[in-house]
Amino acid sequence: MKIISIVGTRPNFMKIAPLVDEIKRHKNIEHILIHTGQHYDREMSKLFFDDLRIPKPDINLGVGSGSHEEQIKAIKSRLKEVFSKENPDLVIVVGDVNSTLAGAQAAHESGIKVAHVESGLRSFDNTMPEEVNRIKTDRISDILLITEKSGNENLLNEGVDSKKIFFVGNVMIDTLLKHREMAKRSKILEKLGLNSKSYAVLTLHRPSNVDTRRGFVKIAEILDEIQEKIKIIFPVHPRTRNNIAKFNLDEELKMMKNLIVTEPLGYLDFLRLMDNSKFVLTDSGGIQEETTVLNVPCITLRDNTERPVTVEQGTNLLVSTNKDKIIEKFIDVINNKISIKNKIPELWDGKAAQRIVGVLLKNSSQ
Ligand code: UD1
């Protein structure tokens, strides 16, 4: 059996790592790993391959940055060439980024089966590019691998045949559990002069938060208030870094003495940073899941989440981008007034990749 897996962006790498490991254990599977090149900076890509010991991709399509349409078009046409040469039995795509959708479409249009890892998540907010990518990817996928039960309901409501849906757990958590001990060796706290539980971690890159000056200024005002009370460590995503420069917000951020801006961090450094933080402020999807497993409060700077299990059972506090609400939650968190649910969602047990490969072997020939 020949499988091609496709990755392109930072959050894809921690999802593919355990699958690459698991596939390697099956000598009857030939595996090819393709990197689309959507993320290309060392901090956004190579660092993760090194930290997670993912083998170098067999092929890098080198598409780079561009509009949604440009990225999808370039990835699809280059992938189709590879598919026609390699003729795989199955293509695996992960997550919800442009590389995910382009990979699924290229495979589907080439008559190759598609398995979608992290299928079925829905924010019901079509203004998010990721939501559109998720819906379109699921529509053409043959094997839909879900991380939480809400995914099952969402897919059934969209008319997906229940026989195609498999509840397998969360590969991102496989990676987290495997590396949590190892991350304790990271020197990031010492490097930044931090004591455990004395600081917050911030990540910000959603277009809805950082692509307009107005939206960004609103967030900056909130940060200004929070950093008066606690140090905030802010590893800055390239999209956000570009917009800080474009909107002339450098000075404003520099004035905040307790806001520590860093380059994007590698996996192990970031894991140690999160694990020891008092709380995390984020608009990321995956971090909502990781903080739930780490039992660290997560204040999510969004109006919705496609990962409801993290709110229902985990540490996720979905508070929108309303300043008063965020500050209220923040005060509760630093005064230890939040009762954290601290339940680990079902099947987030470090064995998702094992279950996925089992499903693939059973279902890809039918
Ligand atoms: C992409 C995903 C998003 C995911 C995020 C994780 C889509 C639609 N979005 O968003 O879901 O949460 O990755 O990081 O696929 N850039 C660099 N170096 C890089 C990569 C990007 O400088 O290595 C800059 C470029 O200016 C680029 C911008 O960042 O235009 C945005 O990159 P892009 O890949 O389009 O989307 P992300 O915001 O990273």
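This passage looks at two helices, α14 and α6, and at one residue, N209, in a predicted model.

Helix α14 makes a good starting point. It spans residues 286–294, and nine of its nine residues are buried, so the helix is largely enclosed by the rest of the structure. The buried set runs through G286, I287, Q288, E289, E290, T291, T292, V293 and L294. After α14 comes N295, with a positive phi near 60 degrees.

Helix α6, covering residues 149–157, has buried residues in S150, G151, N154 and L155. These cover an arc of only 130 degrees around the axis, which puts them on the same side of α6. Such a pattern is easy to follow: an α-helix has 3.6 residues a turn, so residues three or four places apart point the same way. On the other side of α6, the exposed residues are K149, E153 and N157. The cover over the buried residues of α6 includes the strands β5 (113–119), β6 (143–146) and β7 (165–167), together with helix α5 (129–140). Just after α6, a positive phi of about 85 degrees is found at G159.

Turning to the single residue, N209 sits in helix α9, residues 207–210. N209 is buried, with a relative accessible area of 6%. Beyond its neighbours within four places in sequence, N209 is in contact with L204, G215, F216, I219, D283, L301 and T321. With one of these, D283, the contact includes a polar one between the two side chains, at 3.0 Å. By comparison, G358 lies 149 residues from N209 in sequence and 39 Å from it in space, C-alpha to C-alpha.

Note on methods:
Residues are numbered from 1 along each chain as its sequence is written. This is a predicted model: local features need pLDDT of at least 70, side-chain atom pairs count only at pLDDT 80 or more; totals for chains, interfaces and linings use all residues. Side-chain values use heavy atoms; hydrogens and water are left out. Buried means under 20% relative accessible area, exposed over 50%, partly exposed in between (1.4 Å probe, protein chains only). Helices (H or I, at least four residues) and strands (E, at least two) are DSSP runs, numbered from the N terminus. The arc is that of the directions from the helix axis to the C-beta atoms. Contact means heavy atoms within 4.5 Å. A polar contact is a pair of N or O atoms within 3.5 Å; within protein, one must be able to donate a hydrogen and the other to accept it, and residues adjacent in sequence count only if both atoms are side-chain atoms.
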